Amino acid sequence: MPKYFFHIRRNDVFEEDPEGIDLASPELAFEEATAAAREIVEERIRMGNRANGDTFEIMTEDGSLVATVPFRSAIRLD
């Protein structure tokens with residue numbers, strides 16, 4: 001099963017995911033990143049912190065970019 005890494009980009013800062021997660025497909029990686037972004041945004045809102053501006057960069061073990069998931073795309077405001 002392929003391993004996907006959910007790196008976070010915050011403006012000019014790149015936070016590397018050193019562990020990654022084994023998932024069956026890029027689609028599942030996208031779904032997992034979206035769910036994780038929702039949890040992070042939820043926690044930030046609860047703490048009174050800024051909730052958006054970050055993006056997950058989903059990469060494979062060989063460094064190929066699979067998808068990007070802006071945290072703001074993980075929530076609905078309507």
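**Exercise 1. Val 69 and the end of the chain**

Val 69 belongs to strand β5. The model is a predicted one. Task: state whether Val 69 is buried or exposed, and how many residues separate Val 69 from Ala 37 in sequence.

Solution.
- Step 1. The cut-off for buried is under 20% relative accessible area.
- Step 2. Val 69 has 1% relative accessibility, so Val 69 counts as buried.
- Step 3. Val 69 and Ala 37 are 32 residues apart in sequence. Their C-alpha atoms are 8.1 Å apart in space.

**Exercise 2. Phe 71 and Ser 73**

Task: place Phe 71 and Ser 73 relative to the strands, then say which backbone oxygen the side chain of Ser 73 reaches.

Solution.
- Step 1. Phe 71 sits in the segment after β5. Ser 73 is also placed in the segment after β5, a strand that spans residues 65–70.
- Step 2. Phe 71 has a relative accessible area of 0% and is therefore buried. Ser 73, at 47%, is partly exposed.
- Step 3. The side chain of Ser 73 reaches the backbone oxygen of Pro 70, at 2.6 Å.
- Step 4. For Ser 73 and Ala 35, the separation is 38 residues in sequence and 11 Å between C-alpha atoms. For Phe 71 and Pro 2, it is 69 residues along the chain and 23 Å between C-alpha atoms.

**Exercise 3. A salt bridge between strands**

Task: which residue forms a salt bridge with Arg 9, and in which strands do the two partners lie?

Solution.
- Step 1. A salt bridge requires a side-chain nitrogen of Lys or Arg within 4 Å of a carboxyl oxygen of Asp or Glu. By this rule the model has 6 salt bridges.
- Step 2. Arg 9 pairs with Glu 57, and their closest N and O atoms are 2.6 Å apart.
- Step 3. This pair links distant parts of the chain, since Arg 9 is in strand β1 (residues 3–10) and Glu 57 is in strand β4, 48 residues apart.
- Step 4. Arg 9 has a relative accessible area of 32%, so Arg 9 is partly exposed. Glu 57 counts as buried at 12%.

**Exercise 4. A salt bridge within α1**

Task: how far apart are the closest N and O atoms of Glu 43 and Arg 46, and by about how many helical turns are these residues separated?

Solution.
- Step 1. Glu 43 forms a salt bridge with Arg 46, with the closest N and O atoms 2.6 Å apart.
- Step 2. The two residues are 3 apart in helix α1, which means a separation of about one helical turn.
- Step 3. Glu 43 is partly exposed at 35% relative accessibility, whereas Arg 46 is exposed at 55%.

**Exercise 5. A helix-to-strand pair and its network**

Task: which secondary structure elements hold Arg 44 and Asp 54, and which residues are in the network that includes them?

Solution.
- Step 1. The side chains of Arg 44 and Asp 54 form a salt bridge, at 2.7 Å from N to O.
- Step 2. Because Arg 44 is in helix α1 and Asp 54 in strand β4, the pair ties together parts 10 residues apart in sequence.
- Step 3. Arg 44 is buried, with a relative accessible area of 17%. Asp 54 is buried too, with 3%.
- Step 4. Salt bridges with shared partners join Arg 10, Glu 15, Arg 44 and Asp 54 into one network.

**Exercise 6. Charges on the surface**

Task: which residues gather in a patch of negative charge on the surface, and where is Arg 50 found?

Solution.
- Step 1. The patch of negative charge consists of Glu 27, Glu 31, Glu 32 and Glu 39.
- Step 2. One of these, Glu 27, is in helix α1. Glu 27 has 52% relative accessibility, and the cut-off for exposed is over 50%, so Glu 27 counts as exposed.
- Step 3. Arg 50 is in the loop between α1 (26–47) and β4 (54–60). At 62% relative accessibility Arg 50 is exposed.
- Step 4. Arg 50 and Arg 38 are 12 residues apart in sequence, and their C-alpha atoms are 13 Å apart.

**Exercise 7. The backbone at Asn 11**

Task: what sign does phi of Asn 11 have, and is Asn 11 buried or exposed?

Solution.
- Step 1. Most residues other than glycine have a negative phi.
- Step 2. Phi of Asn 11 is near 55°, a positive value in a residue other than glycine.
- Step 3. Asn 11 lies in the loop between β1 and β2 (13–15). With 63% relative accessibility, Asn 11 counts as exposed.

Definitions and conventions: Residues numbered from 1 in each chain as written. Predicted model: local features only at pLDDT ≥ 70, side-chain atom pairs only at ≥ 80, totals over all residues. Heavy atoms only, no water. Helix = DSSP H or I, 4+ residues; strand = E, 2+ residues; numbered from the N terminus. Buried < 20%, exposed > 50% of the residue type's maximum accessible area, 1.4 Å probe, protein only. Polar contact = N/O pair within 3.5 Å; in protein donor to acceptor, adjacent residues only side chain to side chain. Patch = residues over 30% accessible without salt bridge, like charges linked within 9 Å, V, L, I, M, F, W, Y side chains within 5 Å. Areas by Shrake-Rupley, 256 points an atom, 1.4 Å probe, with all protein chains shown as cover. Lys, Arg positive; Asp, Glu negative; His and termini not counted. Charge placed at Lys NZ, Arg CZ, Asp CG, Glu CD.
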